[in-house]
Protein chains: 2
Amino acid sequence: MSKRVIIVGAVALGPKVACRLRRLDPDAQITVIDRDNLISYGGCGIPYYVGGDINDLEGLCSTSSHVLRDPAFFRSSKGVNILPRVEAMSIDRDKKTLHIRHLDTEKKEALPYDKLVIATGATPVRPPIPGADLPRVFTVSNLHSARDIKDTISKGKVGRAVVVGAGAIGIEMAEALTDLWGVDTTIVEMADQILPAALGKNMSRVVEMELKQNNVTILLSQKVDKINGDDTSGVTSVEVGGKTLPCDLVVMSAGVRPNTRFAKDAGLAVGSSGALLVDRGLRTTDPHIYAGGDCVELRNLVNGENMTMPLGSLANRQGRIIANNIHGRASKFKGTVGTFCIKAFDMAAAKAGLTFAQARAIGYDPVHAVVAQSDRAHFYPSSRIMYIHLIADRKTRRILGIESVGGQGDAVKARVDAVAPLLSAGIDVDEVCSLETGYAPPFASAMDIINNAGNVLDNILEGRNVPMDPVDFVREFAKDQIQVMDVRDPKEAAPFIEKYKDKWMNIPQDQLRDRLDEVPSDRPLCLVCGTGARSYECQVLLNQKGFDNVCNVQGGHAMILAVAPDFMDI
Amino acid sequence: MSKRVIIVGAVALGPKVACRLRRLDPDAQITVIDRDNLISYGGCGIPYYVGGDINDLEGLCSTSSHVLRDPAFFRSSKGVNILPRVEAMSIDRDKKTLHIRHLDTEKKEALPYDKLVIATGATPVRPPIPGADLPRVFTVSNLHSARDIKDTISKGKVGRAVVVGAGAIGIEMAEALTDLWGVDTTIVEMADQILPAALGKNMSRVVEMELKQNNVTILLSQKVDKINGDDTSGVTSVEVGGKTLPCDLVVMSAGVRPNTRFAKDAGLAVGSSGALLVDRGLRTTDPHIYAGGDCVELRNLVNGENMTMPLGSLANRQGRIIANNIHGRASKFKGTVGTFCIKAFDMAAAKAGLTFAQARAIGYDPVHAVVAQSDRAHFYPSSRIMYIHLIADRKTRRILGIESVGGQGDAVKARVDAVAPLLSAGIDVDEVCSLETGYAPPFASAMDIINNAGNVLDNILEGRNVPMDPVDFVREFAKDQIQVMDVRDPKEAAPFIEKYKDKWMNIPQDQLRDRLDEVPSDRPLCLVCGTGARSYECQVLLNQKGFDNVCNVQGGHAMILAVAPDFMDI
């Protein structure tokens, strides 16, 4: 008898399982249900639809050859039956039956299955803030909310917006609102940095500055206490830390919650996040029920803990594996190293593995390096400065995480993608020093920034490089705690000496060997150059000459300006 | 007593060893010698200097902060002594003495060493063609020849040029000559494709078409038999396959030969390439003598054989390792997977590992997949088609090589760089299917092209996908050997049906299930769609319905047009 397979959820993973399985098995009875009438769409594209990069909603639910991915398409082109507007009510696991309800007719049905796939995804959290249900307070949940947000803005009634949460979706939505629509946008974030789950303080600060320079206001370490307005005219303002911010639209982007209620009710095990537990074959605790995508916990391959990683990319890869397993071809999904990337105006950021804070929180003794360098040969015309933050465990020298930020997004992503697949194997710093990536002047330096990040981290681990983080430097310098020695050319140092007087001295690197008697030895000295390479060399020389109390600012002046564009105004 | 270290060669690896060693050891007596007066330059940048991307030669021998890297710079900033215009004559290994000659004074000296480093690089081969020594026949050997070439062109006397050899330097020089100077340029290559050591036929064809569309003439499977001209006016033409090509300039880019004569004379072992043999610590067969860069053989980490890989990137990474080892900190350079990338006008290509032909030549049974797909989410405005060629061993499913070509170079490089570092570990196809690279619509599809390349190759290995290579398709179709079924939209298929009549039929994918009776079963059928995804699905459906003699064109119409832009003129 042919296999009966029911798939609950028709956005990313569900259709992928169905189509792959159909190609593996012409006879299987495959049914996909979804509560929504809009199915198989690229939810990650919503900010780009709102921001006008994509004109029509259809763009997000069409194939690359511009065919609408509706139930008719799945039937005729893929041989797959998709039932929209159908809700999964409960699972009778003993009888292997799924109870469903047709939302338009209220008709109920019991569907027997041989294999069931749960692909119900996750729903944005709507924090319990008074006023969170007012009109024009949105979450970015699906294409309906996407259309509602864009319709609201395009009617021209939105002058000011507040985005709650500075994660990926919050930032992408802030860019969409600001860039296309000129909406005066404020992001409110409870943590003391943007993208707290993804980036260290220094890298997040670079992205934060890019947002600010594009007129996005960012309020850190603050939260929205109340949303004001009424049911007729909708939101009119929000209360943040005792202040009232007038606004016409609120976007809630404070994380997501896995849609697992009916699965939990059926007794399937869930993890601490509320998402389903699955084995490497993506089977739940019931061997006849598979699950994947945003509603499951995945193994973090760096620290071995479980985590959720709601990304369409992982969902699609898992979908193929579930189909293989249902068909009887053993396939495994090992887990995730949390690879992530984001565009923010003319900057991009990418990361994989753990942040410094995450590593420390779970008991590692992390050591980190910050490097600023051209993303291509420095003499190549289109080169731009890129920043890399590399994190390793002090004892084992194992790489725990990598972050990158820069102006040429593909190049930023290239550096993280080259390291990410190695993280689960536990590579150490030396392997990053010698990592073999492609080299030609239009695309990389001979000693690529990724290798240099390894070299710098190696030097720090060996105690040879005594680093100061650029964010710490800016903060401490503002407190008058630091004496700077600028080792750049006198012309470059001159405006700083003029402004900061005796807090800022200049001995160019090429003169240092002959002017050692001018170097103060009675107080800590912080060396600064253009990107951190020369200041390191000078620090080593000074150490060799007996100056012990010397450090150097990582990423140099490039990094100082990136984290504090107003440094000269301090 | 402080260690005496002599380094022969001051271009890439030599200065790197010297500077790193100085930071590790303030007391070492470090001397670097070089025959040339121009040192420490980015030789890989020469084509961009000739092509005008870089205006001055100084750009290639300056630091990122625009300081000239001359001996004075190395002395004052790095604490390293570089002697230009000094040639290494011979090594007395018993007495650990290097005999040198000062080229300007003819003075000879004997320098004792504790450790010697050979960083003599490689010299372009000047093939023994009659006339190869005529004026205006150049190799791209160093900054002197770079200046000579640019001076010759900028005097306006060069209307036509011939480039001998279609490797990386030949292609980069052809672009430089054509793009900036409008020189009518012809590349003559002995192999039947460009970049024969780097790319398969299909990917090389895409790059070849890009060159042709930018007015570079390419002659494959041909060689220059004679160079005509005289010693006064220089080259006037070349003879190729019985024809005379008038030209005013010839660039020889037919490979390089390692500079190892004095090392061989001293009894150090060399490999079949003539380059020095070194262990993983980059020691030659004399433990007091290290070598690295273009003059050594490296272990190919995919097939275990030795190879040369003359790239500044590898030289720099090796330089650090040699310095570590001299200082007593054991460091290893494991080898290379041959990662490579190149820009050719508005295209870029990258590769790592073995080509299909190389894999077959050494005894593998290679299987390959070609995929065409957007380099970012297909709905994202700046997305462009990218091509990936993935090669695995049939029996073990181990990935042997990856090649990528596309219009956004950093994105092309990102795909290859993500796989390259894994090649030496022997990853299999399944790991590419699930490779975790960063995902956001501005930078990737949810199912990224790299994962899809894995999926397609998996399907081919499983016998599910019956592929036809696009280059083979174009050739066979021109021979009237193929019946095509186009499964795209009727409007897309119409011009092909009009032109090719009954050789080209159309049943759109969404109608195929209902029109099976129209599918010819009496002859082989080749399915074509936009990028190869739909034609594969249709091929599987037809197989399931009993049609056995069906294949599909990999990369679809996108790939056909990329390898044969004139396909409609066939």
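This tour moves through a predicted model with two chains in view, A and B, naming at each stop what to select and what is found there.

**First stop: a charged patch on chain A**

Begin by selecting R280(A), R299(A), K332(A) and K334(A), which gather on the surface in a patch of positive charge. Within this group, R299(A) belongs to strand β19, which spans residues 298-299 of chain A, and its relative accessible area of 40% makes it partly exposed.

**Second stop: a salt bridge inside a helix**

Next, select E208(A) and K212(A), whose side chains form a salt bridge with 3.1 Å between the closest N and O atoms. Both residues lie in helix α6 (residues 201-213) of chain A, and because they are four residues apart there, about one helical turn separates them. The two ends of the pair can be told apart by their accessibility, since E208(A) is buried at 5%, while K212(A) is partly exposed at 37%. This pair is a salt bridge in a structure where a search over all chains finds 71 of them.

**Third stop: R20(B), between the chains**

Now select R20(B), which sits in helix α1 (residues 13-24) of chain B. Is this arginine buried or exposed? With a relative accessible area of 2%, R20(B) is buried.

Then add D458(A) to the selection, because its side chain meets that of R20(B) in a salt bridge, at 3.8 Å from N to O, which falls inside the 4 Å limit used for such pairs. The pair crosses between chains, running from helix α1 of chain B to helix α12 (residues 449-461) of chain A. Both partners, R20(B) and D458(A), are buried.

To see what surrounds the arginine, show its contacts beyond the neighbours within four places in sequence. On the chain A side these are D458(A), N459(A), R464(A) and Y536(A), and on the chain B side they are R320(B), A323(B), N324(B) and R329(B).

**Fourth stop: a salt bridge between loops of chain B**

Move on to D104(B) and R85(B), which form a salt bridge with their closest N and O atoms 3.0 Å apart. This pair links distant parts of the chain, with the two positions 19 residues apart in numbering: D104(B) is in the loop between β5 (97-102) and β6 (108-112), and R85(B) is in the loop between β3 (81-83) and β4 (86-92). D104(B) is exposed, with a relative accessible area of 57%, whereas R85(B), at 31%, is partly exposed.

Salt bridges can also be followed as a network: select R20(A), R320(A), R329(A), R397(B), D430(B), D458(B) and E462(B), which are joined into one network by salt bridges that share partners.

**Fifth stop: two buried residues of chain B**

Select S535(B), which lies in helix α16 (residues 533-544) of chain B and is buried, with a relative accessible area of 0%. Not counting residues up to four places away in sequence, S535(B) touches V487(B), L527(B), V528(B), C529(B), N552(B) and V553(B). For a distance to display, draw a line from S535(B) to A191(B): the two are 344 residues apart in sequence, and their C-alpha atoms are 33 Å apart in space.

Then select G45(B), in the loop between β2 (29-33) and α2 (46-50) of chain B, which is likewise buried, with a relative accessible area of 0%. Which residues lie in contact with G45(B), leaving aside its neighbours within four places in sequence? They are F379(A) and P441(A) from chain A, together with I54(B) and L60(B) from chain B. L60(B) is 15 residues from G45(B) in sequence, and the C-alpha to C-alpha distance between them is 6.6 Å.

**Last stop: two positive phi angles**

Finish with the backbone, selecting H66(A) in the loop between α2 (46-50) and α3 (71-78) of chain A. Its phi is near 65°, a positive value in a residue other than glycine, and H66(A) is exposed, with a relative accessible area of 72%.

The counterpart to select in chain B is S221(B), found in the loop between β12 (217-219) and β13 (224-230). Here too phi is positive in a residue other than glycine, with a value near 55° for S221(B).

Key
Residues are numbered from 1 along each chain as its sequence is written. Chains are lettered from A and ligands numbered from 1 in the order in which they are written. This is a predicted model: local features need pLDDT of at least 70, side-chain atom pairs count only at pLDDT 80 or more; totals for chains, interfaces and linings use all residues. Side-chain values use heavy atoms; hydrogens and water are left out. Patches are made of residues with over 30% relative accessible area and no salt bridge: like charges are joined within 9 Å, nonpolar side chains (Val, Leu, Ile, Met, Phe, Trp, Tyr) within 5 Å. Accessible areas come from the Shrake-Rupley method with a 1.4 Å probe; for residues, only the protein chains shown count as cover. Lys and Arg count as positive and Asp and Glu as negative; His and the chain ends are not counted. The place of a charge is taken as NZ of Lys, CZ of Arg, CG of Asp or CD of Glu. Buried means under 20% relative accessible area, exposed over 50%, partly exposed in between (1.4 Å probe, protein chains only). Contact means heavy atoms within 4.5 Å.
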